[in-house]
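Keep the structure open as you read. This walk goes from strands to sheets and then to helices.

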Amino acid sequence: MPRAATALSPSLSFSPSRSRSSSASPPSRPSPSFSSPVPRAADSDRRRTSASVVLRSVLEHGPVARSTIARVTGLSPASVTDYCARFARLGLIREAEPPRQSKGSGRPHVPLDLDDARFVVAGVHVAVPYTTVALLDLRGQVLAERQVKHDSVDPARVLARAGDETAALLAGAPGCRPLGVGFAAGGWVDRETGTVVEHPLLGWREVPVREVIGARTGLPVHVDGHARALVDAEQLFGRARGSRSVLHLFVGNMVDAAFATNDEVHHGPRSQAGAIAHLPLPGGTEPCDCGRTGCLQAELSERTLCRRARAAGVDAGVNPKHVVDAAADGDPVAVRLLVERARMVGRAAGLLLDVLNPETVVVTEIGIMSRKDCLAALHEAVGPDRAAAVGPTSFPDSVLATAGGAVALNVLYRDPLGATTEVSA
């Protein structure tokens, strides 16, 4: 799903929901003839409920027969039939087509698919200059989004506007039922308490996001860091589906990382994992507020990119999209700055590869998402032996909207019965 850059239009935009369709023919022997990235229910290290693996199998393989779901998940046909019936009553799945008349005896197989027209989730992502508010369907497709520039970074003001914009988007989609709100941001975000513990660039400390947005919208609110949220999105809907280990490197004004193994994102005590802003970057020269030189965030921040661009005569202002636009117009200085930054991002990815050795590395960075020369520079920096494992985000056109929505969608796919019960209660 190609999408174009992180800078989003301030106006409201709608795009039609798109569905994928794939089918898997039953094998002639008891063992299935294909593998699935959806974990089997018997895998103890996956810690997934039976309901979760059934719904994720429909997401992955739909339209799909119940018998195929049973083979893929390892659940009994009776259990699969029971969960599918419950999901159908809730409106999460539907029959993909009417039963076909069969000349033989027996009950016809009716394929099932997600019902992606009934439910939505709202997504809120707070960046330094603006907040992105969006609606997403059950496939992670962005249906509508708005960008709201900050007139103040006071958290009460920012979150109140986010809540109001969420309500406005939902009012514009009266046929859709909201399952909840997902919130994502950089910095230190504690998902258990629903709190932004510290966001140094915004000056936020101990901000009760779940409480404030929940009071504003009346919906369940789920909170996480944006790098972790995007790992979840990649595993559910993107290029990391099926990967046994995934590293996500987010390079914006904030620089964060997240790591997942066996479909579980590592959070650490009070969700502090992924704090890489002050790791030293080899060859770095940028002074950092911490008193050292060459920290990842100081070197790679979009603020640093824009400042360097202005100093070199590129009319960048404070928006990195202007640097990308200048490069697209043929400005050699803008091209050089973006390629150099992509190469430094590659060095940072190489450091994390050395430590964690993930199967898949996903990078969210504006130049790498937009330009082939930046992607080539990233691959050159990580080295030819590892370049194939490293690539850009699957959601370049609306990565921030996807980050917010993915927090709520991950809750749904991990506990579909609990998530829908919470809304119905």
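L247 has V361 as its bridge partner in strand 15. One residue further on, H248 has its own partner in strand 15, namely V362. Both pairs belong to a ladder of 5 bridges that joins strand 12 (residues 245-251) to strand 15. The two strands run parallel. Keep in mind that this is a predicted model.

Now look to the other flank of strand 15. V362 also has a bridge partner in strand 16, and that partner is G391. Strand 16 covers residues 390-392 and is joined to strand 15 by 3 bridges. Here too the strands run parallel. V362 is thus a handy marker: H248 is its partner in strand 12, and G391 is its partner in strand 16.

How covered is strand 15 itself? The strand spans residues 360-364, and 5 of its 5 residues are buried. In a regular strand, side chains alternate between the two faces of the sheet. The residues of strand 15 can be sorted that way. T360, V362 and T364 point one way. V361 and V363 point the other way. All of them are buried, whichever way they point.

Step back to the whole sheet. It is open and has 5 strands, in the order 14-13-12-15-16. The pairing is mixed. Strand 14 (264-265) and strand 16 are the edge strands, and each pairs on one side only.

Which element lies across this sheet's strands 12, 13, 15 and 16? It is helix 10, made of residues 332-356. Its direction makes an angle of about 150 degrees with strand 12. Strand 13, also crossed by the helix, covers 255-261.

A second sheet is worth a visit. It is open, with 3 strands in the order 8-9-10, and the pairing is antiparallel. Strand 8 and strand 10 (204-207) stand at the edges. Each has a single partner strand, so one side of each has no neighbour in the sheet. From one strand to the next, the twist averages 15 degrees. Strand 9 (residues 195-199) meets strand 10 over 3 bridges, in the antiparallel sense. Within strand 10, R205 is the bridge partner of E198.

Stay with this sheet and find D190. The residue sits in strand 8, which covers residues 188-190. Is D190 buried or exposed? Its relative accessible area is 3%, so D190 is buried, the cut-off being under 20%. The side chain of D190 makes a polar contact, at 3.0 Å, with the side chain of T193. Beyond its neighbours within four places in sequence, D190 is in contact with T195, V197, R270 and S271.

Finish with a helix pair. Two packed helices are described by the angle between their axes and the distance between the axes. Helix 1 (residues 50-61) and helix 13 (residues 399-414) pack at about 120 degrees, with axes 7 Å apart. That angle makes helix 1 oblique to helix 13. Which residues make the contact? From helix 1 come S52, L55, R56 and L59. They meet L412, Y413 and R414 in helix 13. By class, the contact has 4 nonpolar, 1 polar and 2 charged residues.

Key. Residues are numbered from 1 along each chain as its sequence is written. This is a predicted model: local features need pLDDT of at least 70, side-chain atom pairs count only at pLDDT 80 or more; totals for chains, interfaces and linings use all residues. Side-chain values use heavy atoms; hydrogens and water are left out. Buried means under 20% relative accessible area, exposed over 50%, partly exposed in between (1.4 Å probe, protein chains only). Helices (H or I, at least four residues) and strands (E, at least two) are DSSP runs, numbered from the N terminus. Two strands pair if DSSP finds at least two bridges between them. Axes are lines fitted to C-alpha atoms, for helices over the stretch in contact, and angles run from 0 to 180 degrees between N-to-C directions. Angles under 35 degrees count as roughly parallel, over 145 as roughly antiparallel, 65 to 115 as roughly perpendicular and the rest as oblique. Contact means heavy atoms within 4.5 Å. Ala, Val, Leu, Ile, Met, Phe, Trp, Tyr, Cys and Pro count as nonpolar, Asp, Glu, Lys and Arg as charged, and the others, Gly among them, as polar. A polar contact is a pair of N or O atoms within 3.5 Å; within protein, one must be able to donate a hydrogen and the other to accept it, and residues adjacent in sequence count only if both atoms are side-chain atoms.
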